[in-house]
Amino acid sequence: PSMLETSGSLAGQMTVLFFKASFLQGYSNDPITDAPITSTVVRVSSTWDNAEAGSFTYSGNAGTNETVTIAGIAAGTWYVTAVSTNANGTSDISHVLTVVVT
């Protein structure tokens, strides 16, 4: 996704909004275009380094939507990323968003 933001967080959960990309750049730097995005997985990591490395504690699949709510998250500071997938491959990890859950 090209943008992540959170909205309407409640105790123990977060709602993540994003814009779906229409063009995905694969891990091998080969374009993976010409197929619609079939899912976007939002990942919640305990550290910035884990988020950048793709290691996560919680996740939620938005499917073809542009929002997902992840519940059951422990209170604290979390680091959110996302990856989108289409029939031709998976995108790189998005930028990292810092979120505080109460």
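A residue is called buried when its relative accessible area is under 20%, exposed when over 50%, and partly exposed in between (1.4 Å probe, protein chains only). Take Trp48: with a relative accessible area of 38%, Trp48 is partly exposed. The model here is a predicted one, so local features need pLDDT of at least 70 and side-chain atom pairs count only at pLDDT 80 or more, while totals for chains, interfaces and linings use all residues. Residues are numbered from 1 along each chain as its sequence is written, and side-chain values use heavy atoms, with hydrogens and water left out.

Now for the overall layout. The chain's secondary structure comes to one helix and eight strands, where helices (H or I, at least four residues) and strands (E, at least two) are DSSP runs numbered from the N terminus. Starting from the N terminus, the order of elements is β-β-β-α-β-β-β-β-β. The chain has 102 residues, and 39% of them are buried. Its accessible surface comes to about 5200 Å², with 51% of that belonging to carbon and sulfur atoms; such areas come from the Shrake-Rupley method with a 1.4 Å probe, and for residues only the protein chains shown count as cover. As for contacts (heavy atoms within 4.5 Å), take those between residues at least 6 apart in sequence: 60% of them join residues at least 24 apart.

Next come the strands, starting with β3. Strand β3 covers residues 37-45, and seven of its nine residues are buried, so β3 is largely enclosed by the rest of the structure. Two strands pair if DSSP finds at least two bridges between them. Strand β3 runs antiparallel to β6 (residues 76-86), with eight bridges joining the two. Along this pairing, Val41 sits opposite Val83, and Thr40 has Ser84 as its bridge partner. Strand β3 also pairs with β4 (residues 58-61), again in the antiparallel sense, over four bridges. Here Val44 is partnered by Tyr58.

Strand β6 is mostly covered too, with eight of its 11 residues buried. Besides its bridges to β3, β6 pairs with β8 in the antiparallel sense over five bridges, and Gly76 stands opposite Val101 there. Two more bridges join β6 to the antiparallel strand β7 (residues 89-90), with Asn86 facing Gly89. A hairpin through two residues connects β6 to β7.

What sits in the largest nonpolar core? A nonpolar core is a set of buried Ala, Val, Leu, Ile, Met, Phe, Trp, Tyr and Cys residues joined through side-chain atoms within 4.5 Å. The largest one has 15 residues, and Met14, Val42, Val44, Ile73 and Val80 touch the most other members. At least two residues of this core come from each of β2 (13-19), β3, β5 (67-71), β6 and β8 (97-101). Val42 gives a feel for the neighbourhood: leaving out residues up to four places away in sequence, its contacts include Val16, Phe18, Val68, Ile70 and Val80.

Aromatic rings are worth a look as well. Rings of Phe, Tyr and Trp (its six-membered ring) pair if their centres lie within 6.5 Å; planes under 30 degrees apart count as stacked, over 60 as edge-to-face and the rest as tilted. The whole structure holds two such aromatic pairs. In one, the rings of Trp48 and Tyr79 have centres 6.1 Å apart and planes at 70 degrees, so the pair is edge-to-face. This pair links distant parts of the chain, since Trp48 is in helix α1 and Tyr79 in strand β6, 31 residues apart. Tyr79 counts as buried because its relative accessibility is 19%. Tyr58 and Trp78 also form an edge-to-face pair, 5.2 Å from centre to centre with 75 degrees between the planes. Tyr58 lies in β4 and Trp78 in β6, so this pair ties together parts that are 20 residues apart in sequence. Trp78 is buried, at a relative accessible area of 10%.

Two more residues round off the picture. Ala51 is in helix α1 (residues 48-53) and is buried, with a relative accessible area of 1%. Not counting residues up to four places away in sequence, Ala51 touches Ser45, Tyr79, Thr81, Ile93 and Val96. Val100, in strand β8, counts as exposed because its relative accessibility is 55%. With the same sequence neighbours left out, Val100 touches Gly76 and Thr77.
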